[in-house]
Amino acid sequence: MSLISWLRWNEAPSRLSSRSPAEMVLETLMMELTGQMREAERQQRERSTAVRKVCTGVDYSWLASTPRPTYDLSPSERLQLEDVCVKIHPSYCGPAILRFRQLLAEQEPEVQEVSQIFRSVLQEVLERMKQEEEAHKLTRQWSLRPRGNLATFKTRARISPFASDIRTISEDVERDAPPPLRSWSMPEFRAPKTN
């Protein structure tokens with residue numbers, strides 16, 4: 001036995017991974033799916049064994065060897081799931097796994113249903129990512145928007161508490177109807193007329 005491999009402690013540590021975050025998310029999510037499918041198949045096997053034991057009254061589990069996994073994803077379904085997994089941001093990977101495990105614990109699905117639940121969780125996460133991105137974009141636009149002060153507001157609009165000639169979008173519809181009487185406590189706002 002060579003001691004050279006033991007003496008490499010003083011070398012600089014190699015970089016852990018040269019993979020991109022998207023590849024790591026893809027691998028993590030697909031490993032989770034595979035593991036959960038195996039677990040669902042094991043639970044399904046245990047349920048069928050328990051039912052058989054109750055029906056026959058005999059336990060042959062000591063005689064039977066553990067069978068190999070029988071259900072696998074089709075290549076097209078696997079590629080579709082991988083395409084969706086690549087779109088998931090790394091910060092959403094953990095919450096996606098937690099949600100997936102929560103749904104599996106609640107529903108106790110058959111093996112064939114696990115991939116459908118996984119796909120629905122990924123779609124939920126993508127929708128949440130999209131909503132948060134839109135909200136972030138709106139807040140960025142709002143924060144970058146130039147702010148007007150009160151003086152510019154005064155010059156653009158004039159408060160007239162007793163005026164009733166407000167122009168509306170549906171002016172042609174309201175033209176024939178008499179104008180509603182406004183309450184004295186509610187002022188009306190109108191912009192100054194431009195020439």
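**Helix packing around H3 and H4**

In this predicted model, Gln36 lies in helix H1, which spans residues 21–56. The relative accessible area of Gln36 is 18%, and because buried means under 20%, this residue is classed as buried. When neighbours within four places in sequence are left aside, the contacts of Gln36 are Phe100, Arg101, Leu104 and Val114. Two of these residues, Phe100 and Leu104, also take part in the contact that H3 makes with H4, as does Val114 from the H4 side.

Helix H1 also holds Glu39. With a relative accessible area of 29%, Glu39 is partly exposed. Glu39 and Val111 are 72 residues apart along the chain, yet a distance of 8.6 Å separates their C-alpha atoms. Val111 belongs to helix H4, which covers residues 111–144.

The overall composition of the protein provides the setting for these details. The protein has six helices and two strands. Read from the N terminus, the order of these elements is α-α-α-α-α-β-α-β. Of the 195 residues in the protein, 19% are buried. Among contacts between residues at least 6 apart in sequence, 82% join residues that are at least 24 apart. The protein exposes about 16000 Å², and 58% of this area is supplied by carbon and sulfur atoms.

Two helix pairs are now considered in turn. Two packed helices are described by the angle between their axes and the distance between the axes. The first pair consists of helix H3, residues 93–107, and helix H4, residues 111–144, whose axes come within 10 Å and cross at roughly 140°. H3 and H4 are therefore oblique to each other, and their crossing is right-handed. On the H3 side, the residues that meet H4 are Pro95, Ala96, Arg99, Phe100, Leu103, Leu104 and Gln107. Their counterparts in H4 are Val114, Ile117, Phe118, Val121, Glu124, Val125 and Arg128. Sorted by class, the contact of H3 with H4 comprises ten nonpolar residues, one polar residue and three charged residues.

The loop between H3 and H4 contains Glu108. Although Glu108 is not a glycine, its phi is positive, at about 45°.

Helix H4 also contains Ser120. The relative accessible area of Ser120 is 33%, and this residue is partly exposed. Ser120 and Phe100 are 20 residues apart in sequence, and their C-alpha atoms are 9.0 Å apart in space. Phe100 is one of the H3 residues in the contact with H4.

The second pair joins H4 to helix H2, which is formed by residues 75–86. The axes of H2 and H4 come within 10 Å and cross at roughly 25°. Angles under 35 degrees count as roughly parallel, and H2 and H4 are therefore roughly parallel to each other. The crossing of H2 and H4 is left-handed. From H2, Glu77, Gln80, Leu81, Val84 and Cys85 make the contact, while H4 contributes Ser115, Phe118, Arg119, Leu122, Gln123 and Leu126. The residues of this contact comprise six nonpolar, three polar and two charged. Phe118 of H4 takes part in the contact with H2 and also in the contact with H3.

Definitions and conventions: Residues numbered from 1 in each chain as written. Predicted model: local features only at pLDDT ≥ 70, side-chain atom pairs only at ≥ 80, totals over all residues. Heavy atoms only, no water. Helix = DSSP H or I, 4+ residues; strand = E, 2+ residues; numbered from the N terminus. Buried < 20%, exposed > 50% of the residue type's maximum accessible area, 1.4 Å probe, protein only. Contact = heavy atoms within 4.5 Å. Areas by Shrake-Rupley, 256 points an atom, 1.4 Å probe, with all protein chains shown as cover. Axes fitted to C-alpha atoms, helices over the stretch in contact; angles between N-to-C directions. Parallel < 35°, antiparallel > 145°, perpendicular 65-115°, else oblique. Left-handed = near helix turned anticlockwise from the far one by under 90°. Nonpolar A, V, L, I, M, F, W, Y, C, P; charged D, E, K, R; others polar.
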